[in-house]
Amino acid sequence: MRIATNATAMLALALSAPLASAEINVGEAALDYVEALYLHLHRNPELSLREFETAARMAEEFAAAGYEVTTEVGRTGVVGLLRNGDGPTVMLRADMDALPVKELTGVEYASTVTAKDLFGREVPVMHACGHDIHMANLIGVARKLSDIRDRWRGTLVLVAQPAEERGLGARAMIEDGLFTRFPRPDYNLGLHVSSNLATGQTGYKPGYAMANVDSVDIIVHGTGGHGAAPHLTHDPIVLSAYIITALQTLVSRNLNPIEDGVVTVGSIRGGTKHNIISDRVDMQLTVRSYTDENRALLLEGIARIAKAQAMAMGLPEDRMPEVIVKNEYTPALYNDPALSERLAAVLRVELGGQNVMLQTQVMGGEDFARFGLEEPRIPGFYFRLGGADPEALAAARAEGRELPSNHSPYFLPEYKETLRTGMRAMTAVALDLLARP
């Protein structure tokens with residue numbers, strides 16, 4: 001179990017009274033500005049680590065709001081600083097990258113952008129995960145906090161982060177000195193728009209909120225030959241079938257039944273023709289867990305099962321499967337429990353108690369988690385922002401279905417009210433953590 005912060009800090013957090021001020025006023029002019037920015041970002045998405053124009057726009061917006069700006073942090077990341085006297089340092093983060101998805105929403109502002117992916121292929125690009133909402137919201141909050149500097153003291157660190165979708169951006173920014181070249185935060189804050197919450201609502205989960213995410217490749221070797229003479233071969237397709245079947249026992253029989261885990265084989269490729277037994281199969285897996293111990297159990301179990309099945313089939317030692325744990329690892333996201341309850345109370349004051357939902361953890365991944373792993377640990381709070389039209393959400397649920405989720409080509413937040421709520425929520429929790437003048 002992770003110790004998120006020391007006992008003294010935990011006690012201070014638990015005893016701190018949440019902000020009890022009037023609600024954050026988001027004027028129509030401010031909202032109009034942020035909406036226009038959202039529409040621009042939605043129309044002009046960029047892939048991971050290619051967020052050049054997006055980063056330039058975020059830098060421009062930070063500077064216009066009065067922040068000191070540093071670009072090219074972790075390649076395309078942008079950092080904005082606003083120093084406003086003695087007090088805590090609070091980091092607010094938004095992610096910038098889009099996905100190789102063709103937008104099918106049919107709205108007037110839909111993306112028609114294409115770009116080259118890592119393999120040089122021309123692919124459609126869409127903000128199918130809501131990072132355009134996150135960025136526009138961050139700018140709205142940045143402008144608001146700059147405008148009301150008389151209400152707080154401390155330092156704001158704004159982070160426009162690249163490559164969240166590949167699990168690389170947070171690490172790249174940290175390795176490029178995010179916590180050494182710039183003021184080290186006392187708290188990290190982030191949010192994610194969600195299609196299963198209505199606009200006006202937020203959701204939170206203390207403790208583990210999102211999963212460790214590992215991508216694993218298995219190269220299954222065999223001995224090829226004619227399909228009519230299988231006795232002269234070692235068939236890697238049959239071997240792969242046994243491996244896939246046995247992998248299901250990792251969660252059902254190796255993991256403690258009260259713990260959570262997922263091992264999914266998302267891709268399997270092998271063979272070229274009906275009557276040819278190939279000499280190789282390639283598999284791609286996603287592996288999800290929460291604790292470090294369960295992560296190790298699952299990854300070690302995959303390697304053990306792959307080798308044991310190959311041995312059972314009689315493959316020689318030099319033809320054992322290769323199990324490759326990819327570099328794009330995202331650690332589990334852990335919300336500091338005391339901080340979560342403190343800031344959830346702030347959200348209830350700001351938005352109304354009925355609009356702040358205690359949620360369960362999910363098996364999705366989010367590299368915001370990395371910002372809380374650097375020693376000494378920095379307490380963080382990452383919450384969900386409702387993006388669904390309330391009537392559309394209610395109608396969908398009445399019919400036993402859900403609205404298109406993140407990563408869907410039909411994903412489309414109701415942006416006006418989503419941004420209004422996001423600006424109020426993030427401004428309120430940031431103000432609560434900053435010092436009063």
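In this predicted model, R93, A94, H134, N137, L138, V141, L191 and M426 line the second largest cavity. Two elements, β3 (89–95) and α4 (131–147), each give two or more residues to that lining, and α4, with four residues, supplies the largest share. Helix α4 also packs against α10, their axes coming within 9 Å of each other, and α10 in turn meets α8, again with axes that come within 9 Å.

**The second largest cavity**

- The structure holds three cavities of 30 Å³ or more, and the second largest of them has a volume of about 50 Å³.
- Sorted by class, the residues that line this second largest cavity comprise five nonpolar, two polar and one charged.
- N137 and V141 of α4 and M426 of α10, which belong to the contact between these two helices, are also among the residues that line the second largest cavity.

**Packing of α4 against α10**

- The axes of α4 and α10 cross at roughly 50°, and the two helices are therefore oblique to each other, with a crossing that is right-handed.
- On the α4 side the contact is made by I133, A136, N137, G140, V141, K144 and L145, which meet Y415, T418, L419, G422, M423, M426, T427, A430 and L431 of α10.
- Taken by class, the residues of this contact between α4 and α10 are ten nonpolar, five polar and one charged.

**Packing of α8 against α10**

- Helix α8 (residues 337–351) and helix α10 (residues 415–433) have axes that cross at roughly 130°, and the pair is therefore oblique, with a right-handed crossing.
- The residues that α8 brings to the contact are L339, R342, L343, V346, L347, E350 and L351, while α10 brings T421, R424, A425, A428, V429, D432 and L433.
- The residues of this contact between α8 and α10 divide into nine nonpolar, one polar and four charged.

**Backbone details in loops**

- The peptide bond that joins E375 and P376 is cis, with omega at about -10°, and P376 lies in the loop between β17 (356–358) and β18 (380–388).
- L49, a residue other than glycine, has a positive phi, near 65°, and is found in the loop between α2 (28–43) and α3 (52–64).

Methods:
Residues numbered from 1 in each chain as written. Predicted model: local features only at pLDDT ≥ 70, side-chain atom pairs only at ≥ 80, totals over all residues. Heavy atoms only, no water. Axes fitted to C-alpha atoms, helices over the stretch in contact; angles between N-to-C directions. Parallel < 35°, antiparallel > 145°, perpendicular 65-115°, else oblique. Left-handed = near helix turned anticlockwise from the far one by under 90°. Contact = heavy atoms within 4.5 Å. Nonpolar A, V, L, I, M, F, W, Y, C, P; charged D, E, K, R; others polar. 1 Å grid on protein atoms, 1.4 Å probe; cavity = no way out; pocket = protein on both sides within 12 Å on 5 of 7 lines; lining within 4 Å. Points joined across faces, edges and corners; volume = space filled by probe spheres on them.
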